[in-house]
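Please open the model in your viewer and keep the selection tool at hand. The stops below say what to select next and what is there.

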Amino acid sequence: MSGDYSGLDLALVIEARKAMANAYAPYSRFAVGAAVELDNGTIVRGCNLENASYGLALCAEAGALSTVNAHGGFARIRAIAIAGGPMDADPNMPSAIVTPCGRCRQLIREARDVGRDRGQADIRIICAGAHGQDHRVYSIDTLLPDAFGPANLT
Ligand SMILES: [Zn+2]
């Protein structure tokens, strides 16, 4: 979906872009921010955190979801916005939409399942670039169909 944001989606994307500004990404030079909204309106941000060992890099979504969990909100997620882009990009050029990596899709899927078991609606996933109006809204079942999940362990 392109064009105008709904007000709530735009507000959450702005929060993700604020987090993006704090990304520690000296190796990839690709900054990502995430903002999770809980059912009580609380917003928790995360940004990517790289490391000289490369393989230890942490995603923005994983950081935000871990913080949400530390505050007892893992089953209360209403939406997550993700925004990102190359740190050296020309701000006058269009910014491509960033979607979660496979690992983060799995993390979001688990949060959705835990929340659904407690009566929450599906998590709204709003993906945007570093700037501009283009965005897409997904469900986790669209981003990660036929996923492995808790039910597979029983
Ligand atoms: Zn990720």
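Select Tyr54 to begin, and you will find yourself in the loop between strand 2 (43-47) and helix 2 (60-70), where helices (H or I, at least four residues) and strands (E, at least two) are DSSP runs numbered from the N terminus. This is a predicted model, in which local features need pLDDT of at least 70 and side-chain atom pairs count only at pLDDT 80 or more, while totals for chains, interfaces and linings use all residues. Residues are numbered from 1 along each chain as its sequence is written, and side-chain values use heavy atoms, with hydrogens and water left out.

Is Tyr54 buried or exposed? Tyr54 counts as exposed, at 57% relative accessibility; here buried means under 20% relative accessible area, exposed over 50%, and partly exposed in between, with a 1.4 Å probe and protein chains only. The backbone of Tyr54 also deserves a look, since its phi is near 60°, a positive value in a residue other than glycine. Most residues other than glycine have a negative phi.

Stay in that loop between strand 2 and helix 2, and select Asn48. Unlike the previous stop, Asn48 is buried, with a relative accessible area of 8%. Leaving aside neighbours within four places in sequence, Asn48 is in contact (heavy atoms within 4.5 Å) with Ala23, Tyr24, Ala25, Phe30, Ala31, Val32, Leu58, Cys59 and Ala60. Draw a distance from the side chain of Asn48 to Val32: a polar atom of that side chain lies 2.9 Å from the backbone nitrogen of Val32. A polar contact is a pair of N or O atoms within 3.5 Å; within protein, one must be able to donate a hydrogen and the other to accept it, and residues adjacent in sequence count only if both atoms are side-chain atoms. For a further distance, Asn48 and Asn22 are 26 residues apart in sequence and 8.3 Å apart in space, C-alpha to C-alpha.

Next, colour helix 2 and pick out its buried residues, which are Ala60, Glu61, Ala62, Ala64, Leu65 and Val68. Which elements cover them? The cover includes strand 1 (30-38), strand 2, strand 3 (77-86) and helix 3. Zoom in on Ala62, a residue of helix 2 that counts as buried at 13% relative accessibility. Apart from neighbours within four places in sequence, Ala62 is in contact with Arg103, Cys104 and Leu107. Ala62 and Ala121, by comparison, are 59 residues apart in sequence and 21 Å apart in space, C-alpha to C-alpha. Follow the chain onward and helix 2 is followed by Gly72, whose phi is positive, near 80°.

Now move to Arg109, found in helix 3 (residues 102-117). Arg109 is buried, with a relative accessible area of 14%. If you trace its side chain, you will see that it reaches the backbone oxygen of Ala147 at 3.5 Å. Beyond the residues within four places in sequence, Arg109 is in contact with Ile140, Leu144, Ala147, Phe148, Gly149 and Pro150.

From there, select Asp146, in the segment after helix 4 (140-143). Asp146 is exposed, with a relative accessible area of 83%, and its phi is near 50°, a positive value in a residue other than glycine.

The last residue to select is His135, in strand 5 (residues 135-138). His135 is buried, with a relative accessible area of 1%, and a polar atom of its side chain lies 3.0 Å from the backbone oxygen of Gln133.

Finally, zoom out to the whole chain. The protein has 4 helices and 5 strands, and from the N terminus on its elements run α-β-β-α-β-α-β-β-α. Its radius of gyration is 15 Å, close to the 15 Å that the globule rule gives for 154 residues, so the protein is as compact as a globular protein of that length; the radius is taken over C-alpha atoms, and the rule is 2.2 Å times the number of residues to the power 0.38. Along its principal axes, the C-alpha trace spans about 50 × 40 × 30 Å. Of the 154 residues, 42% count as buried, and residues 24 or more positions apart account for 69% of the contacts with a separation of 6 or more.
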